[in-house]
Amino acid sequence: MGNTWITRAETRADIPVIREITLAAFGREHEADIVDKLRADETAWIEGLSLVVAESAADGAAVLGHVLLTRGGIGDTPALCLGPVSVRPELQRGGVGSAVVRAALAAAAARGERYVVLVGHPEYYPRFGFTRASAYGIRLSVEAPDEAVMALALDEAHPLPGGMIRWPAAFGI
Ligand SMILES: CC(C)(COP(=O)(O)OP(=O)(O)OC[C@H]1O[C@@H](n2cnc3c(N)ncnc32)[C@H](O)[C@@H]1OP(=O)(O)O)[C@@H](O)C(=O)NCCC(=O)NCCS
């Protein structure tokens, strides 16, 4: 592809553009509001785990996509909740989403995090290693298609535990 994208943690300057991209990607305010609420929730927010893809490393380079990992749990075990993930509509299906999700999972693993859960497109997340959470006895407290609730163990030495997923309050689950 020959692009010069970089992935990096969000900075204060990125906050308005992350909102703009989230609004554009989802076509409504709900997910953009979740991102802002998560940023304001110090029990959920983890510095360094809100990542963007930027067009280049240059100052002021356009931000193309964003993903967020925040503190949740599986039963009593700490886990990360992935999402929302957003890519500028005109750039979707060009690898931006994959780049930012892979970077976020690597950053989480580097911090010693073990587990990630999400509710999302069942066709999209298996490419990152996510599988159906119910197979591990991981449950969601609200109705959702079984295949949309997915989980990933970042460290093979620590298999996924079972239990009810705990989400940051911003998700309203
Ligand atoms: C979903 C999203 C984050 C994916 O990012 P992306 O940069 O478009 O995707 P990538 O280029 O990394 O990957 C492309 C692949 O993802 C698949 N894909 C993209 N959007 C998809 C969707 N909504 N459902 C299922 N698969 C999807 C494509 O079919 C393609 O598959 P292939 O590699 O087998 O051909 C992005 O399209 C987006 O912002 N969508 C709107 C918001 C949204 O739905 N967010 C996720 C909520 S779970």
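I looked first at how strand E4 (residues 77-87) meets strand E5 in this predicted model. The two run parallel and are joined by 2 bridges. Across from Val117 of E5 I found Cys81.

I then checked the burial of E5, residues 115-119. I counted 5 of the 5 residues as buried, so the strand is largely enclosed by the rest of the structure. Side chains in a regular strand alternate between the two faces of the sheet. I therefore sorted E5 by side, and both faces are covered: Val116 and Leu118 are buried on one, and Tyr115, Val117 and Val119 are buried on the other.

Back in E4, I looked up Pro84, which lies in that strand. The peptide bond leading from Gly83 into Pro84 is cis, and I noted omega near -5 degrees. Most peptide bonds are trans, and most residues other than glycine have a negative phi.

On phi, I noted Arg93, which has a positive value near 65 degrees without being a glycine. I placed Arg93 in the loop between E4 and helix H3 (96-110). Arg93 has 8 other C-beta atoms within 10 Å; exposed means 12 or fewer, so I entered this residue as exposed.

Last, I took the helix pair H1 (residues 15-26) and H2 (residues 30-39). Their axes are 7 Å apart and the packing angle is about 150 degrees. Angles over 145 degrees count as roughly antiparallel, so H1 is entered that way relative to H2. The crossing is right-handed. From H1 I listed Ile18, Arg19, Thr22, Leu23 and Phe26 in the contact, and from H2 His30, Glu31, Ala32, Val35 and Asp36. By type, these contact residues are 5 nonpolar, 3 charged and 2 polar.

Notes
Residues numbered from 1 in each chain as written. Predicted model: local features only at pLDDT ≥ 70, side-chain atom pairs only at ≥ 80, totals over all residues. Axes fitted to C-alpha atoms, helices over the stretch in contact; angles between N-to-C directions. Helix = DSSP H or I, 4+ residues; strand = E, 2+ residues; numbered from the N terminus. Parallel < 35°, antiparallel > 145°, perpendicular 65-115°, else oblique. Left-handed = near helix turned anticlockwise from the far one by under 90°. Contact = placed C-beta atoms within 7 Å. Nonpolar A, V, L, I, M, F, W, Y, C, P; charged D, E, K, R; others polar. Buried ≥ 20, exposed ≤ 12 C-beta atoms within 10 Å, placed from the backbone. Pairing = 2+ DSSP bridges.
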